[in-house]
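Me: Hi! I'm new to this one and would like a friendly walk through it. Can I show you what I have and ask as I go?

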Amino acid sequence: MGRLWGLLRALRLRLLGLEKQLVGSDQFGNKYYKIPKHQTWAGQTIPERRLVEAVNQEEYKYEVGDLPTEWEAWIRKRRKDPPTMEEILKNEIYREEIKLKITAASEKDSFLQTKEYEGLVAEPVQTQIKGHASSSYYGKNEPSPDPASTAKTFQPGSWIPPDSSSRNK
């Protein structure tokens, strides 16, 4: 008789598919099912499966956050029991409180940083240019020990190399 029931069960599974049990739903309308642990007609044991029937059937319309984290943890078998609606709402309120605290702490931190660095930041210095842009040189026309020109504006005799005796010191 046991063999007959096994054959009938296998035939039912073959024709109707696996029996999935509704476990719950979330605030978005997604439904969560589990397929209990069962044996195939060959005697192989198949572990429990958990799945979600999403409101958005098209995969490309799925966005992060469409599944509550508590249900996602249940689907991935990180938790044994499915979450309750009260638990989900409590955690959602907690997350909103944390976001407000983070915003307040960030504003306070930026205020303290501006207060701390007040007066320490150098103000931009206005440089005064002597001479005129059309003149060939600015300031003194005396030879200098430091090179003051580049390759394009080099003038012969405008730089004197330092003494070799001053280099050895």
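Me: Let's start with Arg-95. Is Arg-95 buried, exposed or partly exposed?
Reply: Happy to help! Keep in mind that this is a predicted model. Arg-95 has a relative accessibility of 28%, so Arg-95 counts as partly exposed.

Me: Which side chain does Arg-95 meet in a salt bridge?
Reply: Glu-70 is the partner, and the N to O distance is 2.8 Å. Arg-95 belongs to helix H3 (residues 85-116) and Glu-70 to helix H2 (residues 69-75), so the pair ties together parts that are 25 residues apart in sequence.

Me: And Glu-70, buried or exposed?
Reply: Glu-70 is buried, at a relative accessible area of 5%.

Me: Why would two side chains like that pair up at all?
Reply: Side chains of opposite charge can pair when their charged atoms come close.

Me: How many salt bridges does the structure hold?
Reply: There are 8 in the structure.

Me: Which residues are linked in a network of salt bridges?
Reply: Lys-34, Glu-48 and Arg-50 are linked that way. Glu-48 bridges to Arg-50 with 2.8 Å from N to O. Glu-48 also forms a salt bridge with Lys-34, where the closest N and O atoms are 4.0 Å apart. Glu-48 sits in the loop between strand S4 (45-46) and strand S5 (49-53), while Lys-34 is in strand S2 (residues 31-35), so this pair ties together parts that are 14 residues apart in sequence.

Me: Nice. Which of those count as buried and which as partly exposed?
Reply: Arg-50 counts as buried, at 16% relative accessibility. Glu-48 is partly exposed, with a relative accessible area of 23%, and Lys-34 is partly exposed too, at 25%.

Me: Switching topic: what order do the strands of the open sheet have?
Reply: The order is S1-S2-S5, a sheet of 3 strands with antiparallel pairing. Strand S1 (21-25) and S5 stand at the edges with a single partner strand each, so one side of each has no neighbour in the sheet. From one strand to the next, the twist averages 25 degrees.

Me: What holds strands together in a sheet, in general?
Reply: Strands of a sheet pair through backbone hydrogen bonds, and the pairing can be parallel or antiparallel.

Me: So how many bridges join S1 to S2?
Reply: The two strands run antiparallel and are joined by 4 bridges. If you want landmarks, Ser-25 stands opposite Lys-31 in S2, and Leu-22 stands opposite Tyr-33 in S2.

Me: What about the turn in that hairpin, which residue takes a positive phi?
Reply: That's Gly-29, with a phi near 100 degrees, in the hairpin of S1 and S2, which has 5 residues between the strands.

Me: Last topic, pockets. How much space lies in the second largest pocket?
Reply: About 220 Å³. The pocket is lined by 12 residues, and the closest to its centre are Asn-30, Ala-54, Val-55, Asn-56 and Tyr-62.

Me: What kinds of residues make up that lining?
Reply: The lining of the second largest pocket has 6 nonpolar, 3 polar and 3 charged residues.

Terms used
Residues are numbered from 1 along each chain as its sequence is written. This is a predicted model: local features need pLDDT of at least 70, side-chain atom pairs count only at pLDDT 80 or more; totals for chains, interfaces and linings use all residues. Side-chain values use heavy atoms; hydrogens and water are left out. On a 1 Å grid over the protein atoms alone, a cavity is a set of points where a 1.4 Å probe fits but cannot get out, and a pocket is an open set with protein on both sides within 12 Å along at least five of seven lines; lining residues have an atom within 4 Å of a point. Grid points are joined across faces, edges and corners, and a volume is the space filled by probe spheres set on the points. Ala, Val, Leu, Ile, Met, Phe, Trp, Tyr, Cys and Pro count as nonpolar, Asp, Glu, Lys and Arg as charged, and the others, Gly among them, as polar. Buried means under 20% relative accessible area, exposed over 50%, partly exposed in between (1.4 Å probe, protein chains only). Two strands pair if DSSP finds at least two bridges between them. Axes are lines fitted to C-alpha atoms, for helices over the stretch in contact, and angles run from 0 to 180 degrees between N-to-C directions.
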